[in-house]
Amino acid sequence: QVQLVESGGGLVQAGGSLRLSCAASGRTSRIYDMGWYRQVLGKEREFVARINWDSGFTTYTDSVKGRFIISRDNAKNTMYLQMNSLKPDDTAIYSCNARLRVGGPNYWGQGTQVTVSS
């Protein structure tokens with residue numbers, strides 16, 4: 001089992017920045033990768049970014065490339081999402097996700113609201 005707690009959401013004007021954090025606890029030594037997803041009420045959850053826990057290899061959805069940076073601090077068992085040049089379309093509940101292996105069960109945090117005003 002892995003427990004995840006997000007923080008860092010809030011209200012920001014378009015063009016601004018926010019940094020989200022996701023602190024992991026439990027079986028953290030077994031984490032394979034972690035990621036960020038977002039969801040707008042009434043829409044499906046959308047993949048944002050993912051990072052391999054050992055190698056640091058990252059992937060992003062096209063809409064955030066060049067604006068968002070995913071990173072991790074293995075010693076702190078914490079993942080981050082630095083969000084720059086925010087747009088109103090980035091408004092959503094952002095949740096972090098962890099997997100112990102590809103195809104294994106997904107663990108989720110409770111989510112944090114990000115609101116970007118125009």
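**Overall architecture and local environments**

From the N terminus on, the elements of the protein run β-β-β-β-β-β-β-β-β-β-β. The radius of gyration of the protein is 13 Å, close to the 13 Å that the globule rule gives for 118 residues, so the protein is as compact as a globular protein of that length. The model is predicted. It contains 11 strands and 0 helices. The C-alpha trace spans about 40 × 25 × 25 Å along its principal axes.

Buried residues account for 43% of the 118 residues in the protein. Among contacts with a separation of 6 or more, 51% are made by residues 24 or more positions apart. The accessible surface of the protein amounts to about 6300 Å², and carbon and sulfur atoms contribute 48% of this area. The protein carries 14 positive and 9 negative side chains, with the centres of the two sets 4 Å apart.

The largest nonpolar core comprises 29 residues. Within this core, the residues with the most contacts are Leu4, Met34, Trp36, Met79, Leu81, Met83 and Tyr94. At least two core residues come from each of strand S1 (2-7), strand S3 (18-26), strand S4 (33-39), strand S5 (46-52), strand S7 (68-73), strand S8 (78-83), strand S9 (92-99) and strand S11 (112-117). Apart from residues up to four places away in sequence, Met34 touches Leu4, Cys22, Ala24, Arg50, Ile51, Trp53, Ile70, Met79, Asn97 and Ala98.

Ile70, one of the residues touched by Met34, is found in strand S7. With a relative accessibility of 4%, Ile70 counts as buried, because buried means under 20%. Neighbours within four places in sequence aside, Ile70 is in contact with Met34, Gly35, Trp36, Ala49, Arg50, Ile51, Thr58, Tyr60, Met79, Tyr80 and Leu81. For one of these partners, Ala49, the C-alpha atom is separated from that of Ile70 by 6.7 Å, with the two positions 21 residues apart along the chain counted as their separation.

Strand S5 also holds Phe47, which is partly exposed at 27% relative accessibility. Beyond residues up to four places away in sequence, Phe47 touches Trp36, Tyr37, Thr59, Tyr60 and Thr61. By C-alpha positions, Phe47 and Ile31 are 18 Å apart in space and 16 residues apart in sequence. Thr61, one of the residues touched by Phe47, lies in the loop between strand S6 (58-60) and S7. The relative accessible area of Thr61 is 19%, so this residue falls under the 20% limit and is buried. The contacts of Thr61, leaving aside neighbours within four places in sequence, are with Glu46, Phe47 and Val48.

Several further loop positions were examined. Thr28 is placed in the loop between S3 and S4 and counts as buried at 13% relative accessibility. Outside the residues up to four places away in sequence, Thr28 touches Trp53 and Asn77. Asn77 itself is found in the loop between S7 and S8. With a relative accessible area of 21%, Asn77 is partly exposed, because the limit for a buried residue is under 20%. Asn77 has a phi near 50°, a positive value in a residue other than glycine. A phi near 50° is likewise found for Ser85, again a positive value in a residue other than glycine. Ser85 lies in the loop between S8 and S9 and is partly exposed, with a relative accessible area of 41%.

Towards the N terminus, Gly8 occupies the loop between S1 and strand S2 (10-13). Gly8 counts as partly exposed at 34% relative accessibility. Not counting residues up to four places away in sequence, Gly8 touches Leu18, Arg19, Leu20 and Thr112. The C-alpha atoms of Gly8 and Gln113 are separated by 8.7 Å, although the two residues are 105 residues apart along the chain.

Technical notes:
Residues numbered from 1 in each chain as written. Predicted model: local features only at pLDDT ≥ 70, side-chain atom pairs only at ≥ 80, totals over all residues. Heavy atoms only, no water. Helix = DSSP H or I, 4+ residues; strand = E, 2+ residues; numbered from the N terminus. Rg over C-alpha atoms; globule rule 2.2 N^0.38 Å. Buried < 20%, exposed > 50% of the residue type's maximum accessible area, 1.4 Å probe, protein only. Contact = heavy atoms within 4.5 Å. Areas by Shrake-Rupley, 256 points an atom, 1.4 Å probe, with all protein chains shown as cover. Lys, Arg positive; Asp, Glu negative; His and termini not counted. Charge placed at Lys NZ, Arg CZ, Asp CG, Glu CD. Core = buried A, V, L, I, M, F, W, Y, C linked by side-chain atoms within 4.5 Å.
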